[in-house]
Structures are given as structure tokens and as C-alpha cells.
Amino acid sequence: MTEQTRGTATDPAPAADRDGAEPRPPEPEPEQGSPGAGSACTSRVWRNGKLEAENFPLAQVSDYLAQEDCLVWADVCTPNHDDLQHVADELGLAPLAVEDAVSRSERPKADRYASHLYVNTYAVALDAGGTLRTAQIGAFVLPRALVTVRQDPWFGTDGFVARWDASPDLMQYGVAALLHGLTDLVVDTHFDAVQALDEEIETLEDRLFEVHAASAEVQRRTFALRKSLVQLRRVVLPSREVVNTLLRRDLHLVPPEMLPYFQDVYDHVLRASEWTESLRDMVSTIFETNLSLQDARLNNVVKKLSAWAAIIAVPTAVTGFYGQNVPYPGYGNWSGFVASSVITIVLGVGFYLGFRSRGWL
């Protein structure tokens, strides 16, 4: 009886006993080794180059890596530091690399650590308004695993997964094949953004020479494209160093069979960089040309106003002459009025024809 009374006094009453409502089930605890509720993850494993399983818990990554014939990829979307720390503890990732993966201010780079390589890169996209969107992608490159961390959900994993599926024969070369699919897709987004910017700049060039072009609108559009181009250069130019680092022989990351694929990516990076530099010159030229055209239009307006002012000055001068208070030929006679009218018309028409022949009117 005493034990029953003690249990009743100390245990809280269920929700149904307190307010008559149905009791709510307890919140499930997150699994150890998996990201929290604020992040999403995707995973795949290949065995001897063949896809074996996908979308398994991240806690199983280390189990697969313990098997020599397995290649693992895992993706974590929008994690915080605590979420990613579970993965870091599971795979032995460097703390500095984990901090870089959750930071949104890192430049494209490739850092080498004792047990892995950390690659930070950016995918880009240009929207209809000319604004550049960037998506940071961090990649932990282990001997037989690739862990990607995405900070921007708008850039999904379907792109590089489709490239892996399109070339299943490359999976026999291990993590280099996974890294190639990722870097190749990222560089392709750079190319798409550069090409879109090029088309926008060409359209802006055509608008420069329209007769009724709005100068303020052209100038605003020029500054918007220039801002997007500056952001794109910050992403594209450092990407050369990233791909060049991956090709270093002392890393022993890229096998000889994969070298042509990475060299092709490096060639695309160089072309995108050169294209970006040429676009910067084009944007500067558009800005200077727009200012020159504004000066030319202003000069035309000034010439027209000056021509009309000269024409209007003719009747003013003639009527001023004939309005003097001293006798002159035709003073007080009808012939004076006729003479002043003829002089005004002849000089006005003469000035008009002269200005028009010179293109002032």
C-alpha cells in the first residue's frame, strides 16, 4: 500500500487523466550518427563498381567503409555544426574542415588533411532578372568515400547523380569518379551562367542604339549585370586552383585512367575564366559607350536649341530695328511694314535651310 501511494504521488498523471484529451506520443529521439531534424541526407554505396544500396542511414557509412570493395557517397543538406559533427566523429573528419563546410563565407579551395581532402566549390545559376544565385558545396574526399555538404537546398543532387548513372563504368576507379561527376557539373553551371550573361550583355548592347532607349534603365541594367559578373568571377577564377590541386600527382587521388576526364574539366574551367574576363571588358565598354551616347544626344539637343534660338533672334532683331523712335526709310508708311516682314521671312527661312543642311535641325 505504501509503494502504491508513493508511486501515485511522484508519477505525473497522463494527459488523458488531466484534461480528458488523448495522450500525445513522445517525440522520437534522433539516431546516433545521423543529422538532426533540420537537415536532409542522401546516400549510395557501390560494390566492385556496381550500385548496391542507397538512402541508408549515415551510421552505416563506416560499416561499408570497413569493407574493401565498397565505394560510398553521402550527402547532407543544410546541416548545422552539431549535425555535421556526428558525421565527422563517424568518419574522423578534421574540425577545421567541418567549420569550413558549415560556413557560408569560404572561397573555392582544396585543403589537404591527414586522412582526407576537403574541397569547397560553388554551383551558380542566373535568374531571369539577371541576379546570380550561388550554392556552396563542400566535399570531404576520403580514400573510398565522398561526403558532400550543401548549404543551399535549391541546388539538388540529381545533376551529379545522373552523371554517375550515365557512366557506371567509371565507378571502378573509386572516389575519383564521384569527384569528377561533381566538379564537372559545377563547372557546367559556371558555363551556363557565363553564357546567360553573354546573351544579356548582347541584348543590352542592342538597346544602347535604340532611338528612344531609356538611359536610366540601360544604366541600371548595366550595374545589375556588372554586380552578377563580379560575383561570378569570385567563383570561377579560384576554381582553376581547385581543379589544378586535384590533378597533383602527390595526392594520388586521380588514377591515370581518370586523368583525361579531369584535364577536360580543367580546360573548361580555363575557358570559363577567360570568357568571364572578356565579359568584364564588355560590361565596362557598355558603361562607357552609354555615357558617350548620352553626351552625343546632349550635343544634338544643344545644337537644335541653338539653331532655333538663332532663327527666333531674326524677327526679334528686325522688329527691334523698326521699332526705333527715329525716322527710317518707310517710317510711317505701308512700305516699311512690307520691308520688315520680307526681311524677317527671308532671313528666318535662310537660317532654317542653312542649319538643316548642316544636320542641326
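This tour goes from a group of aromatic rings to a charged side chain over a ring, and then to two pockets. Keep in mind that the model is predicted.

Begin by selecting W73 and W164, which form one of the nine aromatic pairs in the structure. Their rings are arranged edge-to-face, with 5.1 Å from centre to centre and 75° between the planes. If you colour by secondary structure, you will find W73 in strand β3 (residues 70-77) and W164 in helix α6 (residues 158-166), so placed that the pair links parts of the chain that are 91 residues apart.

Keep W164 selected and add F160, whose ring pairs with that of W164 in a tilted arrangement, at 5.3 Å centre to centre and 55° between the planes. Both residues lie in helix α6, four residues apart, which is about one turn of the helix. F160 counts as buried because its relative accessible area is 1%, under the 20% cut-off. Add W46 as well, and you have the cluster that ring pairs build from W46, W73, F160 and W164.

Next, select R133 and W154, where R133 lies over the face of the W154 ring, at 4.3 Å from the ring centre.

Now turn to the largest pocket, which has a volume of about 240 Å³, and select H116, L117, V141, L251 and L253, the residues that lie nearest its centre among the 13 that line it. The lining of this pocket has nine nonpolar, three polar and one charged residues.

Finish at the second largest pocket, of about 170 Å³, whose lining includes R104, E106, Y122 and R234. Helix α8 (residues 215-246) gives the most to this lining, with three residues.

Conventions: Residues are numbered from 1 along each chain as its sequence is written. This is a predicted model: local features need pLDDT of at least 70, side-chain atom pairs count only at pLDDT 80 or more; totals for chains, interfaces and linings use all residues. Side-chain values use heavy atoms; hydrogens and water are left out. On a 1 Å grid over the protein atoms alone, a cavity is a set of points where a 1.4 Å probe fits but cannot get out, and a pocket is an open set with protein on both sides within 12 Å along at least five of seven lines; lining residues have an atom within 4 Å of a point. Grid points are joined across faces, edges and corners, and a volume is the space filled by probe spheres set on the points. Ala, Val, Leu, Ile, Met, Phe, Trp, Tyr, Cys and Pro count as nonpolar, Asp, Glu, Lys and Arg as charged, and the others, Gly among them, as polar. Helices (H or I, at least four residues) and strands (E, at least two) are DSSP runs, numbered from the N terminus. Rings of Phe, Tyr and Trp (its six-membered ring) pair if their centres lie within 6.5 Å; planes under 30 degrees apart count as stacked, over 60 as edge-to-face and the rest as tilted. Buried means under 20% relative accessible area, exposed over 50%, partly exposed in between (1.4 Å probe, protein chains only). A charge sits over a ring if NZ of Lys or CZ of Arg is within 6 Å of the ring centre and within 35 degrees of the ring normal.
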